[in-house]
Each structure stands twice: as C-alpha cells, then as structure tokens.
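Here is my note on the model, as numbered points. Please read it with the structure open.

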Amino acid sequence: MRTLTLSLAILLSCRWFAASQDTSAYQELSFISIHQMAPMDSLNFDFSGIVSKGDSIFIVADKPWNTFLYSITFSEKKWIAHPYRQISSTEKLDLEAVDHCNGFFYLANEFRGSIYRLPTSTAEVQTLPINFKENNLAPSTWKNAGWEGLTIDCENQVMYLVKERQPRNIVVVDMNRWGILDQFDIPQTESNDFSDAKYLNGHLYLLERNGNYITKVNTKTKTVVEKYHYRHIASHPNGKLYAPEKYGMAEALLLTDNEIWIGLDNNGLEVTDHAKDTYQLTGHTPVIIKFKRPAGF
C-alpha cells in the first residue's frame with residue numbers, strides 16, 4: 001500500500017510539473033521576416049537595445065568598444081548600423097537598454113548599474129542621481145544580473161528599470177525627484193529573466209528571454225494581461241539560430257503600430273545550419289526578427 005501511495009504521489013507530481021510547464025495557452029507570434037546585420041568590422045556587435053524616434057530607429061550594443069548610439073537602415077534582408085551619436089563616460093560602458101523622452105536619450109549601463117541621460121549637444125553622458133539606497137538597492141554590485149531594460153512613461157515622467165535576474169525585478173522611478181516609487185515582479189514564472197521592456201498606454205511589454213515570451217503587464221494592477229511566444233523562430237526544435245548556446249539571446253524589443261521587432265545578441269556566435277537553410281543567414285552578425293503585432297496587444 002505504501003508503495004502504491006508513493007507511486008501515485010510521484011505520478012501526480014510529474015503531472016503537476018508537466019502542467020506547470022505547459023505553455024500551450026500562449027499563442028505564437030506570426031512571423032514576418034528576419035534581417036541580419038551587415039558586417040561593420042572584425043569586432044563583435046552585441047546588439048542590446050532599440051528605440052524608435054519619429055521615423056528613425058536607434059540601437060545600442062553592449063561591448064566597451066560600442067561607444068555610439070547607432071541609427072539603422074534596411075536593405076533587402078540586411079540592416080546596417082550607422083554611428084549617430086558618440087557616447088562618452090568615465091565608466092566602462094556596458095550599454096543594455098535605451099529609450100527616448102523629451103529630446104533626450106536615456107541609457108542603462110549594466111556593468112556599473114548607472115542610468116544615463118545623453119545631452120543633445122555633448123557626448124559626455126550625465127549620470128542620473130537616482131536614490132537607489134533608499135530602497136536598499138545596489139546596482140553597482142549586480143554586474144551580469146543587472147539592468148537589461150529601461151523604458152519611460154514620458155507623459156507622467158515615470159521610468160521603469162528592469163533587472164535581469166537573481167532576482168529579476170522592475171524598479172519604478174519618479175523622474176521629477178529621482179526617487180523610487182515601487183518595485184515588483186510579475187507572477188508568471190515560465191521564464192527566469194527579463195532582457196528588455198517597452199512602455200505603451202499604461203502597459204509594460206517585457207521580453208522574457210529564456211522563455212521566448214513577450215508579456216504585456218498592466219502597470220497599475222501589476223498583472224499579466226496577455227502573453228505571446230516566439231520560440232518557433234528563436235528556439236525551433238530543428239535548431240536555434242546561433243550555436244552553441246543554451247540560453248536565450250533576445251535583448252532588444254520594439255513595438256510599432258502593426259509589428260513587434262526582436263533583436264538578438266548572439267555574442268559573436270556563428271549561425272546554425274538550420275538558420276542557413278531556413279533563413280539564408282551567414283556568418284556571426286546579429287538579427288532583427290519581425291512579427292505581426294496581434295490586434296489589441
């Protein structure tokens with residue numbers, strides 16, 4: 001009897017675990033196209049953040065030698081990065097996120113945990129005096145588990161800073177006094193990290209890299225409204241786009257009226273045979289994947 005009871009308990013535990021991992025409730029994003037970066041030089045370009053401003057798209061990369069805010073243009077299946085603004089700091093640069101508000105670009109430096117504002121007339125960034133200590137936060141100690149996302153509710157002067165993992169966290173900042181308003185995580189735990197975010201119309205759109213999800217969160221209730229996955233492109237059973245790599249690579253999220261763009265940081269890895277055969281990718285430069293934005297999402 002004891003053996004039967006134990007066996008039943010194990011069976012129920014396995015079923016619970018399988019159910020907890022069941023993501024069939026989340027629909028896949030509808031794929032449009034994939035575009036690979038045209039090579040610039042011999043150095044890795046580790047694509048890490050993206051923002052739109054008017055009709056232009058701007059990106060950042062997270063290596064110390066990527067000391068520019070870049071604009072990008074598209075040419076057939078390629079995209080080209082053009083140095084747009086020099087970024088200068090006394091700190092080592094590890095730029096992981098970018099947004100724009102009222103004429104300024106805002107940047108997150110994961111290595112130092114600093115948040116910058118890029119003035120319109122100079123290359124030297126201004127470090128924002130955010131009072132992290134009042135909430136016992138120490139971003140300078142987080143290193144590779146630090147800031148991966150930065151997005152702004154410009155109308156209400158609220159900034160959302162997204163901590164990647166260990167633990168993942170969303171820190172809400174009052175841009176008028178640079179104090180902490182709140183911090184929270186979302187309840188769903190299918191993924192263990194965040195890698196970018198965008199704010200739009202009262203909602204945060206979070207990029208959950210290791211789970212291949214885009215998650216829409218109501219900023220007032222802090223609840224998940226809707227969630228879609230893109231694993232059928234980034235983590236297909238026939239192979240990922242780059243290898244060898246067991247973790248997710250998505251680090252840049254952009255929403256347009258009708259599309260969702262996801263940029264991968266491939267850390268200089270070569271494309272897989274699957275990527276070559278399916279999407280005609282070559283070499284070791286990053287990609288932007290475009291999906292249809294679902295109605296109401």
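1. Is Tyr230 buried or exposed? Tyr230 is buried, because its relative accessible area is 1% and the cut-off for burial is under 20%. Keep in mind throughout that this is a predicted model.

2. What does Tyr230 pair with? Its ring partner is Phe291. The two ring centres are 6.4 Å apart, and the planes meet at 50°. The pair therefore counts as tilted, since that class covers planes that are neither under 30 degrees nor over 60 degrees apart. The centre distance falls within the 6.5 Å limit for a pair.

3. Now the sequence context of that pair. Tyr230 sits in the loop between β18 (223–229) and α2 (231–234). Phe291 belongs to strand β25 (residues 287–292). The two residues are 61 positions apart in sequence, so the pair ties together separate parts of the chain. Phe291 is buried as well, at 0% relative accessibility.

4. Aromatic pairs in general. Two values describe such a pair: the distance of the centres and the angle of the planes. Across the whole structure, the search finds 16 aromatic pairs. One of them joins Phe47 and Trp79. Here the centres are 5.4 Å apart and the planes are at 50°, so this pair is tilted.

5. The Phe47–Trp79 pair links distant parts of the chain. Phe47 is in strand β3 (residues 47–53) and Trp79 is in strand β6 (residues 78–86), 32 residues apart. Phe47 has a relative accessible area of 0% and is buried. Trp79 also counts as buried, at 0%.

6. Which residues form a cluster through ring pairs? They are Phe45, Phe47, Phe68, Tyr70 and Trp79. Phe47 and Trp79 from the previous point are thus both members.

7. Overall fold content and size. The protein has 3 helices and 25 strands. Its C-alpha trace spans about 75 × 50 × 35 Å along the principal axes. For 297 residues, a compact globule would have a radius of gyration near 19 Å; the protein has 20 Å, which agrees.

8. Packing and contacts. Of the 297 residues, 52% count as buried. Among contacts with a separation of 6 or more, 53% involve residues 24 or more positions apart.

9. Surface and charge. The accessible surface is about 14000 Å², and carbon and sulfur atoms contribute 51% of it. The protein carries 29 positive and 34 negative charges. The mean positions of the two sets are 4 Å apart.

Technical notes: Residues are numbered from 1 along each chain as its sequence is written. This is a predicted model: local features need pLDDT of at least 70, side-chain atom pairs count only at pLDDT 80 or more; totals for chains, interfaces and linings use all residues. Side-chain values use heavy atoms; hydrogens and water are left out. Helices (H or I, at least four residues) and strands (E, at least two) are DSSP runs, numbered from the N terminus. The radius of gyration is taken over C-alpha atoms; the globule rule is 2.2 Å times the number of residues to the power 0.38. Buried means under 20% relative accessible area, exposed over 50%, partly exposed in between (1.4 Å probe, protein chains only). Contact means heavy atoms within 4.5 Å. Accessible areas come from the Shrake-Rupley method with a 1.4 Å probe; for residues, only the protein chains shown count as cover. Lys and Arg count as positive and Asp and Glu as negative; His and the chain ends are not counted. The place of a charge is taken as NZ of Lys, CZ of Arg, CG of Asp or CD of Glu. Rings of Phe, Tyr and Trp (its six-membered ring) pair if their centres lie within 6.5 Å; planes under 30 degrees apart count as stacked, over 60 as edge-to-face and the rest as tilted.
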